[in-house]
Amino acid sequence: MIVAREKPYYHSPPEKGSVPAGYPRPQERPREYLALALVIVLVFALGIIISIFYSRVLITGYQITRLQEELNEMERETRNLAEEVSRLSSLERVEVVATTRLGMVKPGEDQVLLVKATDDSRERQQESRPARKPVSGGEKRSRNAGEHHWILQALTDLVMHRLSG
């Protein structure tokens, strides 16, 4: 008769410490998978955070470049406008416009009026007309802070003449 050999581990309950070689314990596998999954999630999250950081740096650099170009363009435009203002407000141009477009004429030496400027409106109402004082040919006006250019003086006299008469 043929008898099968007995295997000792089938007859006795498994011992707590005995595990066949080559196989990990069943309780350690989920912990390893959990730790590995956690490491993968952390690396992925760290990669996303680094990508967001670098994208913000690039966006800020682009904005700085764009704003510098706008600033340069505005500075050029400001210089051009300042040159145009200087050109348009030059006394020679004002004189040409006044004589050609507005039909004004240069006043003679005996037509120059000196106007006393006051801040009080009552004094202006009391004076009916400003006194005319001819300027002699030998006297020349210097450009001091208190004196006006002759074109401005002529315009002031014209306005005063229209208001008073």
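Q: In which helix is L46 found?
A: The model examined here is predicted, so local features are taken at pLDDT of at least 70 and side-chain atom pairs only at pLDDT 80 or more, while totals for chains, interfaces and linings use all residues. Residues are numbered from 1 along each chain as its sequence is written, and side-chain values use heavy atoms, with hydrogens and water left out. Helices (H or I, at least four residues) and strands (E, at least two) are DSSP runs numbered from the N terminus. On that assignment, L46 belongs to helix α2 (residues 28-88).

Q: How many helices and how many strands does the secondary structure of the chain come to?
A: Along the sequence the chain reads as α-α-α-α-α. The totals are therefore, by the DSSP assignment, five helices and zero strands.

Q: What share of the 165 residues in the chain is buried?
A: Burial is judged by relative accessible area (under 20% is buried, over 50% exposed, and partly exposed in between, with a 1.4 Å probe and protein chains only). The accessible surface of the chain, by the Shrake-Rupley method with a 1.4 Å probe, where for residues only the protein chains shown count as cover, is about 15600 Å², with 59% of it belonging to carbon and sulfur atoms. Of the 165 residues, the buried share is 5%.

Q: Against which helix do the buried residues of α3 pack?
A: In α3, E95, V97 and A98 are buried. These buried residues fall within an arc of 165° seen down the axis, so they line one face of the helix, the arc being that of the directions from the helix axis to the C-beta atoms. The face turned away from that buried side carries the exposed residues E92 and T100. Through contacts, meaning heavy atoms within 4.5 Å, the buried residues pack against α5 (150-164).

Q: How far apart are the closest N and O atoms of K106 and E95?
A: A salt bridge is counted when a side-chain nitrogen of Lys or Arg lies within 4 Å of a carboxyl oxygen of Asp or Glu, and by this rule the structure has three. One of them joins K106 and E95. K106 lies in the loop between α3 (91-100) and α4 (121-126) and E95 in helix α3, so the pair ties together parts that are 11 residues apart in sequence. The closest N and O atoms of this pair are separated by 2.9 Å.

Q: Which residue forms a salt bridge with R66?
A: R66 is partly exposed, at a relative accessible area of 35%, and its partner is also partly exposed, at 34%. The two are four residues apart in helix α2, which places them about one helical turn from each other. With the closest N and O atoms 3.1 Å apart, the partner of R66 is E70.

Q: What accessible area do L46, I50, F53, Y54 and V57 have together?
A: Patches gather residues with over 30% relative accessible area and no salt bridge, joining like charges within 9 Å and nonpolar side chains (Val, Leu, Ile, Met, Phe, Trp, Tyr) within 5 Å. These residues form a nonpolar patch on the surface, and their combined accessible area is about 510 Å².

Q: What is the geometry of the F53 and Y54 pair?
A: Rings of Phe, Tyr and Trp (its six-membered ring) pair if their centres lie within 6.5 Å, with planes under 30 degrees apart counted as stacked, over 60 as edge-to-face and the rest as tilted. A search of the whole structure finds one aromatic pair. The ring centres of F53 and Y54 are 5.5 Å apart and the planes stand at 65°, so the pair is edge-to-face.
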